[in-house]
Amino acid sequence: MWKKLIFMLVILCVLMPRLGHGQEAKAVLDSVTKAMGDVKSLQYAGSGANFAFGQSVAPGAPWPRFNVKSYSRMVNYDTPAMRDEIVRTQAEPGARGGGGIPLAGEQRQNLMVSGTQAWNQIGENPPAPALAAVADRLHQLWITPHGVIKAAMKHNATVQAQTEGGKKMTTISFMVPGQLKVKALVNERNLVEKVDSWNTNPVLGDMLTETTYADYKDFGGVQFPTKIMQKQGGFPTLELTVSEVKPNAPVDVQVPDNVRQASVKVETDKIADGVWYLTGGTHHSVLVEMNDHLVVIEGPQDDARATAVIAEVKKTVPNKPIKYVVNSHQHFDHTGGLGAFIAEGATVITHDGNKAFFEQSFAAPRTVQPDKLAQSGKKAMVEGMQDKRVLSDGTRTLELYRIQGTIHDDGIIMAYLPKEKLLVEADVYTPAAPNTAPPAQPSPLQVNLYDNIERLKLTVDQILPLHGRKVPLTELQKWIGKSS
């Protein structure tokens, strides 16, 4: 009897502080919700600048900046769903990097997520699935000022009083298992001032996103910041001045049929003996067979894409290891799948300017959402190159060249198969739909690519772009006004 009573008292002693902490957190979250206003949906609009995350001209450089003429975000916290409508222009003449540079005139971007589906609509183009963007867009939804409090309520947040810069603040901490780790700072007025959040980025590992909210105003009984600033990977990604907020406005984000039916798939097109074009999504790869091993050109996007590519490679050429994965350039959409190849035992070949960055990035902790690389426990093997490298087994030769003078990326590489007269390139030339009329003013990226082909005296019959479709060299020549 006494032993049973003592056991119950011990259990109560353990549970009571937890119950107290839970009640304290609930009281804080209720107070913040009351001060800020409880909403099921929200629309806000403004202008400012955004930046192409992961698209710098070289590792360690800031993300390219764009002027945002108009920005509208619609959020439904119940679904959850979000729609961003952005009209942007290039901020700096002569800017270098990716993410849309060079950009002539205005560009309209619609970026959506609903549940587990994400998609884009750029200009007048039809909606296109964006499977790799789901996690990041849901992350952005739940770190909005009202979203972070709703997420905290769902995920057993803890609270702690502190002083920062002489101000009394409350830290609200929680985790969304397998997705996010969050610390939100709330001021004495019970308004969210800052959100620090971590997710596992395919390139950087556990990455900090810093979002600050300032200059709150009342919009229809709801408090909302009129200044929003965000940094990711240590550089700015958003500077927004909010001019309009509509609390509880109807937000219905319908998933298009083609998006609902989309999945990660890899389609194999045999281009020549021992050479396959691996397509089926927005980002492609190329498989080259050597005598006793395989080379894959490009490991893009994320684990999901890379894992599907690796599976197709093994199915296409069984019983040969992937010895090398060639990285065209360091932009994150072209490097996010490298971790899965490293986990498979492949060595990364990239430009020398990326080597130290890759070694550091792929050694970074990946704890919030452990990926294939983290699960494997393997160390990244990275080999650099300068202007040229040749891979050969005595029969087949694969030549790698740095594309000189391009504004897209300082260390971008193209691959050339001389026997097959094939060129593989990323981003500097993405063919338009068949029968599209050439532009009045050709892109400097495409002109520069052709200049490099001429400089190196490469005999090219066919181009395998890592976006878009395979085309003969004559199509590039026609597009830039160089046809004979």
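Colleague: Leaving aside its neighbours within four places in sequence, which residues is T200 in contact with?

Modeller: First, a word on the ground rules: this is a predicted model, where local features need pLDDT of at least 70 and side-chain atom pairs count only at pLDDT 80 or more, while totals for chains, interfaces and linings use all residues. Residues are numbered from 1 along each chain as its sequence is written, and side-chain values use heavy atoms, with hydrogens and water left out. T200 sits in strand β10, residues 192-201 (helices are DSSP runs of H or I of at least four residues, strands are E runs of at least two, and both are numbered from the N terminus). With contact meaning heavy atoms within 4.5 Å, the partners of T200 are G205, D206, R366, T367, V368, Q369 and D371.

Colleague: Is T200 buried or exposed?

Modeller: The scale, taken with a 1.4 Å probe on protein chains only, calls a residue buried under 20% relative accessible area, exposed over 50% and partly exposed in between. T200 has a relative accessible area of 12%, so it is buried.

Colleague: Which backbone nitrogen does the side chain of T200 reach?

Modeller: A polar contact is a pair of N or O atoms within 3.5 Å; within protein, one must be able to donate a hydrogen and the other to accept it, and residues adjacent in sequence count only if both atoms are side-chain atoms. The T200 side chain makes one such contact with the side chain of D206, at 2.9 Å. The backbone nitrogen that the T200 side chain reaches, at 2.9 Å, is that of Q369.

Colleague: And K69: which side chain does its own side chain make a polar contact with?

Modeller: K69 lies in strand β2. Beyond four places in sequence, K69 is in contact with G46, S47, V87, T89 and E106. The polar contact, at 2.3 Å, joins the side chain of K69 to that of E106.

Colleague: What is the relative accessible area of L131?

Modeller: L131 belongs to the loop between β6 (128-129) and α2 (134-142). Not counting residues up to four places away in sequence, L131 touches A118, A262, S263 and V264. L131 is classed as partly exposed because its relative accessible area is 32%.

Colleague: Which residues touch the most other members of the largest nonpolar core?

Modeller: A nonpolar core is a set of buried Ala, Val, Leu, Ile, Met, Phe, Trp, Tyr and Cys residues joined through side-chain atoms within 4.5 Å. The largest one has 50 residues, and the members touching the most others are Y44, I172 and V192.

Colleague: Which helix gives the largest share of this core?

Modeller: The share in question is five residues. Apart from this core lies another, of 32 residues, including F51, V203, L204 and I342. For the largest core, that leading contributor, covering residues 2-36, is helix α1.

Colleague: How many of the residues of helix α3 are buried?

Modeller: Helix α3 runs over residues 145-154 and is mostly covered. Among its buried residues are P145, H146 and G147. Just after α3, N156 takes a positive phi of about 50°. Of the 10 residues in α3, the buried number is seven.

Colleague: What volume does the second largest pocket have?

Modeller: On a 1 Å grid over the protein atoms alone, a cavity is a set of points where a 1.4 Å probe fits but cannot get out, whereas a pocket is an open set with protein on both sides within 12 Å along at least five of seven lines; lining residues have an atom within 4 Å of a point. Grid points are joined across faces, edges and corners, and a volume is the space filled by probe spheres set on the points. For the second largest pocket it comes to about 270 Å³.

Colleague: Which of the residues lining the second largest pocket are the closest to its centre?

Modeller: β11 (205-219) and α7 (352-361) each supply at least two lining residues. Of the 15 residues in that lining, the closest to the centre are L204, G233, F357, Q360 and S361.

Colleague: Which element gives the most to the lining of the second largest cavity?

Modeller: The count comes to two cavities of 30 Å³ or more, and the second largest has a volume of about 30 Å³. β23 (413-417) and β24 (422-425) each supply at least two of its lining residues. With three residues, the leading element is β23.
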